Amino acid sequence: MSSFRALMVHRGEDKSISHEMTDLRHDDLPADGDVLVAIKYSTVNYKDGLCLSGKGGLVRNYPHVPGIDFAGEVVSSTDKRYKAGDLVVLTGWRVGEVWWGGYAQFAKVRADWLVPLADGLDCQQAMAIGTAGVTAMLSVLALEDAGITPDRGPVLVTGAAGGVGSLATALLAARGYNVTAVTGRPETADYLRGLGASDILPRAEMLDGGGRPLESESWAGCVDSVGSAILARALAQMQYGGAVATVGLAGGADLPTTVIPFIIRGVSLLGIDSAMAAYDRRVAAWQRLASDLPTAQIAATMSVIGLGEVPAAGADILAGKVKGRLVVDVNA
Ligand SMILES: NC(=O)c1ccc[n+]([C@@H]2O[C@H](COP(=O)([O-])OP(=O)(O)OC[C@H]3O[C@@H](n4cnc5c(N)ncnc54)[C@H](OP(=O)(O)O)[C@@H]3O)[C@@H](O)[C@H]2O)c1
């Protein structure tokens, strides 16, 4: 194929952002990658919403091909770890931000950033999981490392109807945890129960009446993709020795809390980063995702869109309107 389709983001001199479906040649791809991948699917994450809209200062150079995740087939490789025909997955490593990413039919990337597609998953399922699922899995692994087991008590998932939240809910429930899902969208209650949530906690209730450094000990663990007042409230409600995996900032980057939950209840705040996670940790996370996540739950979280629908989806995810995971068929 001499040319291929890509979604490019342009920034004008007045800093206005525009999107264009364009044809690229293979020569246009960055020369410093060592694996050429024919992309099958990409995704839309919150960070993609930022890159698509020029927000957050993530994209350094324009025109730019966003897309922080992709799954596809190796076409050629100068790195001996990969050969033509291998199925591979990329999440993170600032691909789609600093480097051209997955909203194209081809990408050229460094072998270090790839992992082999885990046995038991196809490329579409891998992208239904994507960065959101890897992050959810890394959060569950971190809670387990901190000694949080299902018998310790209920766990909380915030931003539950979003990408990370949906997959954290499904993973924790599949592992036998009793999951309470915090959502600002009551209409997602059936969806969240379908993923395995035992209880739904409206976001407004979680925000109402907070401010005390310690409250009743309600949760053994928490996966928080929201930050700010919700995270502060969760910390105040943790059981003695509980642990919170802090993943995101959909509700704000601040953390209006005190040291009291940490020094009186021995609560742990576990920082989760998926973008630069070490190769072995990423492979371990994908293996657990392949074994733990029921196929039906992967399908339940997923909606498939075409490349042309991505700009609108990026705006929707920033507005908190996306339920579950958006998978992008780059060849549709
Ligand atoms: N650390 C990492 O490696 C990593 C990886 C992936 C993502 N992240 C971060 O994690 C967060 C979630 O990412 P995502 O891809 O899952 O995004 P997403 O699909 O948009 O989910 C975010 C969810 O947060 C809730 N939310 C949105 N705005 C809110 C507000 N103002 N106050 C309270 N809750 C709000 C919504 O859940 P409800 O509708 O259920 O209320 C929304 O669905 C983002 O901040 C992202 O940057 C971090």
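How do the residues of the shell around the ligand divide into nonpolar, polar and charged? I took this up at the start, and I find 14 nonpolar, 14 polar and four charged residues in that shell; in this scheme Ala, Val, Leu, Ile, Met, Phe, Trp, Tyr, Cys and Pro count as nonpolar, Asp, Glu, Lys and Arg as charged, and the others, Gly among them, as polar.

**Ground rules.** I note that the model is predicted, with local features requiring pLDDT of at least 70 and side-chain atom pairs counting only at pLDDT 80 or more, while totals for chains, interfaces and linings use all residues. I number residues from 1 along each chain as its sequence is written.

**Ligand shell.** I looked up which residues surround the ligand, a residue being near a molecule if its C-beta atom, placed from the backbone, lies within 6 Å of it. There are 32 residues around the ligand, of which Gly159, Gly162, Thr183, Gly248 and Gly251 come nearest. The elements that contribute two or more residues to this shell are α1 (46-53), α2 (123-145) and α3 (163-174); I take helices (H or I, at least four residues) and strands (E, at least two) as DSSP runs, numbered from the N terminus.

**Domains.** I then looked up the domain assignment, whose bounds come from an automatic or database source, and it gives domain 1 (3-117 + 299-329) and domain 2 (131-271). Both domains give residues to the shell around the ligand, so the ligand lies between them. The centres of the two domains, taken over C-alpha atoms, are 29 Å apart. For the interface I find 12 residues of domain 1 in contact with 14 residues of domain 2, where contact requires C-beta atoms, placed from the backbone, within 7 Å. On the side of domain 1 that touches domain 2, I read three nonpolar, six polar and three charged residues.

**Helix α1.** Since α1 appeared in the ligand shell, I examined its surroundings next. Seven of its eight residues are buried, so α1 is largely enclosed by the rest of the structure; a residue is buried if 20 or more other C-beta atoms lie within 10 Å of its own, exposed if 12 or fewer, and partly exposed in between, with C-beta atoms placed from the backbone. The buried residues are Tyr46, Lys47, Asp48, Gly49, Leu50, Cys51 and Leu52, and they pack against β1, β3 (35-44) and α10. After α1 comes Gly54, with a positive phi near 75°.

**α1 against α10.** Two packed helices are described by the angle between their axes and the distance between the axes. I find that the axes of α1 and helix α10 (residues 310-318) come within 8 Å and cross at roughly 115°, the axes being lines fitted to C-alpha atoms, for helices over the stretch in contact, with angles running from 0 to 180 degrees between N-to-C directions. The crossing is left-handed, that is, the near helix is turned anticlockwise from the far one by less than a right angle, whereas clockwise would make it right-handed. On the α1 side the contact is made by Tyr46, Asp48, Gly49, Leu52 and Ser53, and on the α10 side by Val310, Pro311, Gly314, Ala315, Ile317 and Leu318. By class, I note seven nonpolar, three polar and one charged residues in this contact.

**Backbone checks.** The peptide bond from Tyr62 to Pro63 is cis, with omega near -5°, and Pro63 lies in the loop between α1 and β4 (69-77). Lys15, in the loop between β1 (3-11) and β2 (17-25), has a positive phi near 70° although it is not glycine, and it counts as exposed because it has 7 C-beta neighbours inside 10 Å. Arg94, in the loop between β5 (87-91) and β6 (106-109), likewise has a positive phi, near 65°, and is partly exposed with 15 other C-beta atoms within 10 Å.

**Two buried residues.** Where does Trp113 sit? I place Trp113 in the loop between β6 and β7 (114-116), where it is buried, with 21 other C-beta atoms within 10 Å. Neighbours within four places in sequence aside, Trp113 is in contact with Leu90, Trp93 and Val95. Val35, in strand β3, is also buried, with 24 C-beta neighbours inside 10 Å, and beyond residues up to four places away in sequence it touches Val74, Ser77, Asp79, Tyr82, Val109, Ala111 and Leu114.

Conventions:
Two residues are in contact if their C-beta atoms, placed from the backbone, lie within 7 Å.
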